[in-house]
Amino acid sequence: MDISPEENNYRFITVLNKKISIEDTIIKSLNDLIVVTDVNFKILTVNEETLNILNKSREEVLNKFFFDVFSLRDESDEPATIQSLSLDRILIERSTRIISGIKLFVQRRTAPFNVVVKISPILNTSGSISEL
């Protein structure tokens, strides 16, 4: 049975939407803080635990620059930046980076959270990094 190009596209989009929905459900249900950004560090999605820790709504977080939402300090107690965390290397090397010794400050707590940050590039179908 031959499938028309339109039917084939419809099936592909349906499968892709189901895959995105499943991935979104997994991300949102994890107890770790999960943040997905684009290559410019604009926040695309977060899970519920992240919103709970930050005490913010999804609208207050989405489409914002990561470092405008998250108050992080590095091992030397300096504000964490793209440069200080060598995040630009992830884009060049296309490798996962695990950074320990990071402190996350949130408004409703006097003491920071000690966190380990894991950043992994996510490739699109053409092999370019589309998300982190």
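Colleague: How many salt bridges does the count come to in this model?
Modeller: Keep in mind that we are looking at a predicted model. A pair counts when a side-chain nitrogen of Lys or Arg lies within 4 Å of a carboxyl oxygen of Asp or Glu. By this rule the count comes to three.

Colleague: Nice, let's take them one by one. Which residue forms a salt bridge with Arg58?
Modeller: Look for the closest N and O atoms, which are 2.4 Å apart in this pair. Arg58 lies in helix 3 (residues 58-61) and its partner in helix 2, so the pair ties together parts that are ten residues apart in sequence. The partner of Arg58 is Glu48.

Colleague: Is Arg58 buried or exposed?
Modeller: The cut-off helps here: buried means under 20% relative accessible area. Glu48, with 39%, is partly exposed. Arg58 has 18% relative accessibility, so Arg58 counts as buried.

Colleague: Which side chain meets Lys103 in a salt bridge?
Modeller: The N to O distance in this pair is 3.7 Å. Lys103 lies in strand 4, and the partner sits in the loop between strand 3 (71-73) and helix 5, so parts that are 26 residues apart in sequence are tied together. At 26% relative accessibility, Lys103 counts as partly exposed, and the partner counts as partly exposed too, at 37%. That partner is Asp77.

Colleague: And what is the N to O distance between Glu93 and Arg89?
Modeller: Both residues belong to helix 5, and being four residues apart there, they are separated by about one helical turn. Glu93 is partly exposed at 43% relative accessibility, and Arg89 is partly exposed at 38%. Their side chains meet in a salt bridge, with an N to O distance of 3.2 Å.

Colleague: Let's turn to the nonpolar side chains. How many residues does the largest nonpolar core have?
Modeller: In soluble globular proteins, nonpolar side chains tend to be buried together. Here, the elements that give two or more residues to the largest core include strand 2 (43-46), helix 4 (66-69) and strand 5 (113-119). Phe67, Phe70, Leu72 and Leu87 have the most contacts inside this core. The core has 25 residues.

Colleague: Which residues does Phe67 touch, not counting those up to four places away in sequence?
Modeller: Phe67 is one of the residues with the most contacts inside the largest nonpolar core. Touching here is a matter of heavy atoms within 4.5 Å. With the residues up to four places away left out, Phe67 touches Leu72, Ala80, Thr81, Ile82, Leu85 and Leu87.

Note on methods:
Residues are numbered from 1 along each chain as its sequence is written. This is a predicted model: local features need pLDDT of at least 70, side-chain atom pairs count only at pLDDT 80 or more; totals for chains, interfaces and linings use all residues. Side-chain values use heavy atoms; hydrogens and water are left out. A nonpolar core is a set of buried Ala, Val, Leu, Ile, Met, Phe, Trp, Tyr and Cys residues joined through side-chain atoms within 4.5 Å. Buried means under 20% relative accessible area, exposed over 50%, partly exposed in between (1.4 Å probe, protein chains only).
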